[in-house]
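Reader: I have a model open and would like to go through it piece by piece. Can we start with the overall picture and then move to details?

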There are 2 protein chains.
Amino acid sequence: MTVPAYRRLSVEQRRSQLIASALGLFARRPPEDVTLDDVAAAAGVSRPLVYRYFPGGKQQLYEAALRSAADVLERCFDEPPVGPPSRRLVNVLDRYLDFVDEHAAGFTALLAGGSVAGTSRTTAIVDEVRRAAADALVTHLQVPPSAARIRMMLRTWIAGVEAASLIWLDEGRQPPREELRDWLVDQFVAQLVATGVQDAPGGDVLLRALAQEDREGPVGALTRRVVPVVTDAAHLL
Amino acid sequence: MTVPAYRRLSVEQRRSQLIASALGLFARRPPEDVTLDDVAAAAGVSRPLVYRYFPGGKQQLYEAALRSAADVLERCFDEPPVGPPSRRLVNVLDRYLDFVDEHAAGFTALLAGGSVAGTSRTTAIVDEVRRAAADALVTHLQVPPSAARIRMMLRTWIAGVEAASLIWLDEGRQPPREELRDWLVDQFVAQLVATGVQDAPGGDVLLRALAQEDREGPVGALTRRVVPVVTDAAHLL
């Protein structure tokens, strides 16, 4: 007879295992449709054992799972500050969209609103992730505090990425993920350009970023596509 | 002795008056901090009278107030389909930002999440407003169903407008409202250009929109600001 595996887990290992099981369930079903019995069954343990670790029940387990997912998500933003900024953004978005793809149901429930998932505590965790994303962009682009419009643009773009991710999941993951990622990068560049041309601090950020780009990258491709449009729009010059 | 004014109101008038009083309170305080007693006091009626009209209590009154606010908001999108699209957008955004300014606390509570305001019913109303906004943009720009990326861009921009509105309120209504509005128009144009250059259906929408713009309007001003940046970015061509 073998000793059941769970007897050999430390408190921390057991906690992690329960959170991982919960995350797996929340990824496929909205939190409303996941019970503690489901989590116990998925982890191969008893319901009382789940309660021993999470005496607050499903809400506590959900928040612990969200905390764990937020940590994973924040690690997506770790990117070395070298190379064209657009390439770094491609790398970050690839990791982020992996996460969205993998946690589809939980991601949607949390951000689409109207779910039991939305409490002031879960909102605080989501806001922390948004802040971490904005901080990462500020660092990569070396945005000074004086470039207030650029900062607003970064936060607005992040909201757009969330919305686009929800639309993408809702529409059966169309367009293909690489196209969505490239489009999000193009949106970023376009929004940065339109914002950067408005004042001197923004202009500095924009020109420094463009100077680091190359013609083979996404910014080069976008620039070459936009130039003919400006020719078509000669009546605006 | 005068007969109290409330005796003379019809059922519909009384209901509207209570909703208006509630909206006034929700505009200044989050829904958590508004009681039925507050609404009764603001309307100059008794608490039982509020309950007679809204037996479901505060939640029912809140949803009725939200329904009423959503109707006001959707009317903001009514704009004659004439003139440069960017000017129409300026008009719509002016009305929308009036609404945001006026309903600040309620707007924030509803959209920032983590509030008692967020239920599946309130989310459905908010989603309906978002859909109405997207439909209005689709109509003005005559976006065909084949232009899927443009449709995604419109919905993403709408999410960005919501986020920017929340940031604007949170930062003490900075920048001034006209600057925020002009920036949102510029973001729209930039996102439309970056999306329209990607495929033929999007290109048709983009060129048709640009053809209706003039050099005095916001698109002309943005174009003239961006052209020198392209010169600075000659290494990308």
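Author: What follows goes from the fold of one chain to the pairing of the chains, and then to single residues.

Reader: What kind of model is this?

Author: This is a predicted model.

Reader: What does the secondary structure of chain A come to?

Author: Chain A has 11 helices and 0 strands. Along the sequence the pattern reads α-α-α-α-α-α-α-α-α-α-α.

Reader: What does the C-alpha trace of chain A span?

Author: About 80 × 35 × 35 Å along its principal axes.

Reader: And how much of chain A is buried?

Author: Of its 237 residues, 50% count as buried. The accessible surface of chain A is about 10800 Å², and carbon and sulfur atoms account for 56% of that.

Reader: What about contacts in chain A between residues at least 6 apart in sequence?

Author: Of those contacts, 67% join residues at least 24 apart.

Reader: Helix packing next. At what angle do α1 and α2 of chain A pack?

Author: Helix α1 (residues 11–28) and helix α2 (residues 36–43) of chain A pack at about 115°, and their axes are 9 Å apart. The crossing of α1(A) and α2(A) is right-handed.

Reader: Which residues make that contact?

Author: From α1(A) they are A:Gln17, A:Leu18, A:Ser21, A:Ala22 and A:Leu25, and from α2(A) they are A:Asp38, A:Val39, A:Ala42 and A:Ala43. By type, the contact of α1(A) with α2(A) has 6 nonpolar, 2 polar and 1 charged.

Reader: Switching to chain B. Which residues of α6 are buried there?

Author: In helix α6 (residues 104–112) of chain B, the buried residues include B:Ala104, B:Ala105, B:Gly106, B:Phe107, B:Ala109 and B:Leu110.

Reader: What covers the buried residues of α6(B)?

Author: The cover includes α1 (11–28), α4 (57–76), α5 (85–102), α7 (120–141) and α8 of chain B.

Reader: Now the pair. What superposes chain B on chain A?

Author: A rotation of 180° with 0.0 Å of shift along its axis does so, with an RMSD of 0.0 Å. That is the relation of a two-fold axis.

Reader: Why do you say the copies meet through the same surface?

Author: Because 100% of the interface residues of chain B are also interface residues in chain A.

Reader: Give me a residue there. Where does B:Met152 lie, and is it buried or exposed?

Author: B:Met152 lies in helix α8 (residues 148–170) of chain B. B:Met152 is buried, at a relative accessible area of 7%.

Reader: What is B:Met152 in contact with, leaving aside its neighbours within four places in sequence?

Author: With that restriction, B:Met152 is in contact with A:Ala164, A:Ile167, A:Trp168, A:Gln174, A:Pro175, A:Leu180 and A:Trp183.

Reader: How far apart in space are B:Met152 and B:Glu162?

Author: They are 16 Å apart, C-alpha to C-alpha, and 10 residues apart in sequence.

Reader: What about A:Gln191, buried or exposed?

Author: A:Gln191 is buried, with a relative accessible area of 4%. The residue belongs to helix α9 (residues 177–196) of chain A.

Reader: And what is A:Gln191 in contact with?

Author: Leaving aside neighbours within four places in sequence, A:Gln191 is in contact with A:Met153 and A:Trp157, and across in chain B with B:Gln187, B:Ala190 and B:Gln191.

Reader: A:Pro175 came up as a contact of B:Met152. Is the peptide bond from A:Gln174 to A:Pro175 cis or trans?

Author: That bond is cis, with omega near -5°. A:Pro175 lies in the loop between α8 (148–170) and α9 of chain A.

Reader: And in chain B, what is the bond from B:Gln174 to B:Pro175?

Author: The bond from B:Gln174 to B:Pro175 is cis, with omega near -5°. B:Pro175 lies in the loop between α8 and α9 (177–196) of chain B.

Reader: Back to the backbone of chain A. What is phi of A:Arg173?

Author: Phi of A:Arg173 is near 60°, a positive value in a residue other than glycine. A:Arg173 lies in the loop between α8 and α9 of chain A, and A:Arg173 is partly exposed, with a relative accessible area of 32%.

Reader: Last one: phi of B:Gln142, and where does that residue lie?

Author: Phi of B:Gln142 is near 50°, again a positive value in a residue other than glycine. B:Gln142 lies in the loop between α7 and α8 of chain B. B:Gln142 is partly exposed, with a relative accessible area of 49%.

How values were computed: Residues are numbered from 1 along each chain as its sequence is written. Chains are lettered from A and ligands numbered from 1 in the order in which they are written. This is a predicted model: local features need pLDDT of at least 70, side-chain atom pairs count only at pLDDT 80 or more; totals for chains, interfaces and linings use all residues. Side-chain values use heavy atoms; hydrogens and water are left out. Axes are lines fitted to C-alpha atoms, for helices over the stretch in contact, and angles run from 0 to 180 degrees between N-to-C directions. Helices (H or I, at least four residues) and strands (E, at least two) are DSSP runs, numbered from the N terminus. A crossing is left-handed if the near helix is turned anticlockwise from the far one by less than a right angle, and right-handed if clockwise. Contact means heavy atoms within 4.5 Å. Ala, Val, Leu, Ile, Met, Phe, Trp, Tyr, Cys and Pro count as nonpolar, Asp, Glu, Lys and Arg as charged, and the others, Gly among them, as polar. Buried means under 20% relative accessible area, exposed over 50%, partly exposed in between (1.4 Å probe, protein chains only). Accessible areas come from the Shrake-Rupley method with a 1.4 Å probe; for residues, only the protein chains shown count as cover. Copies are superposed by least squares on the C-alpha atoms of residues with pLDDT of at least 70 in both.
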